[in-house]
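Me: I should like to understand the terms used to describe this structure. Please set each value against its criterion before drawing a conclusion.

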Amino acid sequence: LEQEVPFKKATFGMGCFWANDALFGSQPGVLRTRVGYSGGTTPNPVYKSMGDHTEVIEIDYDPKVITYHDLLQLFWNNHEYGLTTVIKRQYMSLILYHDEDQKRIAEKEIKIEAGKRNEKLLTELAPAGPFYPAEDYHQKYRLQKHGWIVEELNLTPELLQTSEVAAKLNGYIAGVGTQDQFEKDIKRLAVPEKIASFVKIHLLENAGGSL
Ligand code: MHO
């Protein structure tokens, strides 16, 4: 059901990764997401001891549908602690670029965003290094609150990091996305009716709320 589409990766730190997983997951053109620890040097980070790593989201996206610029717009506008607040590395503002294009676009936009705010941003820009997936219970955290959906769709721990339907439903259930986009995805991904109507209620209830 889920097609192989050529994709690119983007990696961002912008606060607690549960929220970011939901924010990006249901955006058109986002194919898959996973959360984890990256950007630091501590070997084998885990949630309780991530050392100098940051909570990040890793996004697989179809650049024909959503651009790196589009993703960055979501990045600039959805930080848990803002772009100029000093915060521990766990929640820092971080862009880990995957190629020279991404680096160039991010550098340019950091200047633009700093200009808009007339303040120096604390956002750090660095090349993407090793990414350590977070523990299973952190993946698609909003969706996992509804264990029966995870069970009915047979979303194994691996699928929680690799399946499009997991990413989409995790976003929609948290209230991210339009009803129109939701209806299209539900059809395209053949989501069973019982699950679709349950998620739709949550989409409408949680729309515009905090993630
Ligand atoms: N304030 C959140 C942070 C979790 S996030 C994975 C909590 O409930 O612990 O850092």
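Me: Why is the radius of gyration of the protein chain said to agree with that of a compact globule?

Reply: This is a predicted model. For 211 residues, a compact globule would have a radius of gyration near 17 Å, and the protein chain has 17 Å; the value therefore agrees with the rule. The C-alpha atoms fill a box of roughly 50 × 35 × 35 Å along the principal axes. Within the chain there are nine helices and six strands.

Me: How do you know what confidence the predictor places in the protein chain and in the complex?

Reply: On a scale from 0 to 100, the mean pLDDT of the protein chain is 96, and 99% of its residues reach 70 or more. For the complex, the predictor gives an ipTM of 0.91 and a pTM of 0.96.

Me: What makes helix H7 mostly covered?

Reply: A residue counts as buried if 20 or more other C-beta atoms lie within 10 Å of its own. In H7, residues 164-173, 10 of the 10 residues are buried. Among them are Glu 164 and Lys 168, as well as Leu 169 and Ile 173. Over the whole protein chain, 40% of the 211 residues count as buried. After H7 comes Gly 175, which has a positive phi near 100°.

Me: Why is Glu 80 called partly exposed?

Reply: The buried class begins at 20 other C-beta atoms within 10 Å, and the exposed class ends at 12. Glu 80 has 17, so it falls in between and is partly exposed. Its place is in the loop between helix H2 (68-77) and S4.

Me: Which residues are in contact with Glu 80, leaving aside its neighbours within four places in sequence?

Reply: The criterion is that the C-beta atoms lie within 7 Å. Met 14, Gly 15, Cys 16, Ala 19 and Tyr 91 are in contact with Glu 80 on that basis. Glu 80 and Gly 209 are 129 residues apart in sequence, with 13 Å between their C-alpha atoms. As for the protein chain, 74% of the contacts between residues at least 6 apart in sequence join residues at least 24 apart.

Me: Why do Asn 44 and Asn 118 count as exposed?

Reply: The limit for an exposed residue is 12 or fewer other C-beta atoms within 10 Å. Asn 44 has 10 such neighbours, so it counts as exposed. Asn 118 has 6, and therefore it is exposed too. Asn 44 lies in the loop between S2 and S3, and Asn 118 in the loop between helix H3 (100-117) and S5.

Me: What is the sign of phi at Asn 44 and at Asn 118?

Reply: Most residues other than glycine have a negative phi. Asn 44 is not a glycine, yet its phi is positive, about 45°. Asn 118, likewise not a glycine, has a positive phi of about 55°.

Me: How do you know that S2 pairs with S3 and with strand S6?

Reply: Pairing requires at least two bridges between the strands. S2 and strand S3 (residues 54-61) have eight bridges, in the antiparallel sense, with Thr 33 opposite Ile 59. S2 and S6 (residues 131-133) have three bridges, again antiparallel, and here Gly 36 stands opposite Pro 133. Both counts satisfy the criterion, and the strands therefore pair. S2, residues 30-38, is mostly covered, with nine of its nine residues buried.

Me: What makes both faces of strand S4 covered?

Reply: In a regular strand the side chains alternate between the two faces of the sheet. In S4 (residues 94-97), Leu 94 and Leu 96 are on one side, with Ile 95 and Tyr 97 on the other, and all are buried. S4 pairs with strand S1 (residues 8-13) in the antiparallel sense over three bridges, where Leu 96 is the bridge partner of Thr 11. S4 also pairs with strand S5 (residues 124-127), in the parallel sense over four bridges; there Ile 95 stands opposite Leu 125.

Me: How do the residues of the shell around the ligand divide?

Reply: Cys 16, Phe 17, Trp 18, Glu 55 and His 138 surround the ligand. Cys, Phe and Trp count as nonpolar, Glu as charged, and His falls among the others, which are polar. The shell therefore divides into three nonpolar residues, one polar and one charged.

Key:
Residues are numbered from 1 along each chain as its sequence is written. This is a predicted model: local features need pLDDT of at least 70, side-chain atom pairs count only at pLDDT 80 or more; totals for chains, interfaces and linings use all residues. Helices (H or I, at least four residues) and strands (E, at least two) are DSSP runs, numbered from the N terminus. The radius of gyration is taken over C-alpha atoms; the globule rule is 2.2 Å times the number of residues to the power 0.38. Two residues are in contact if their C-beta atoms, placed from the backbone, lie within 7 Å. A residue is near a molecule or strand if its C-beta atom, placed from the backbone, lies within 6 Å of it.
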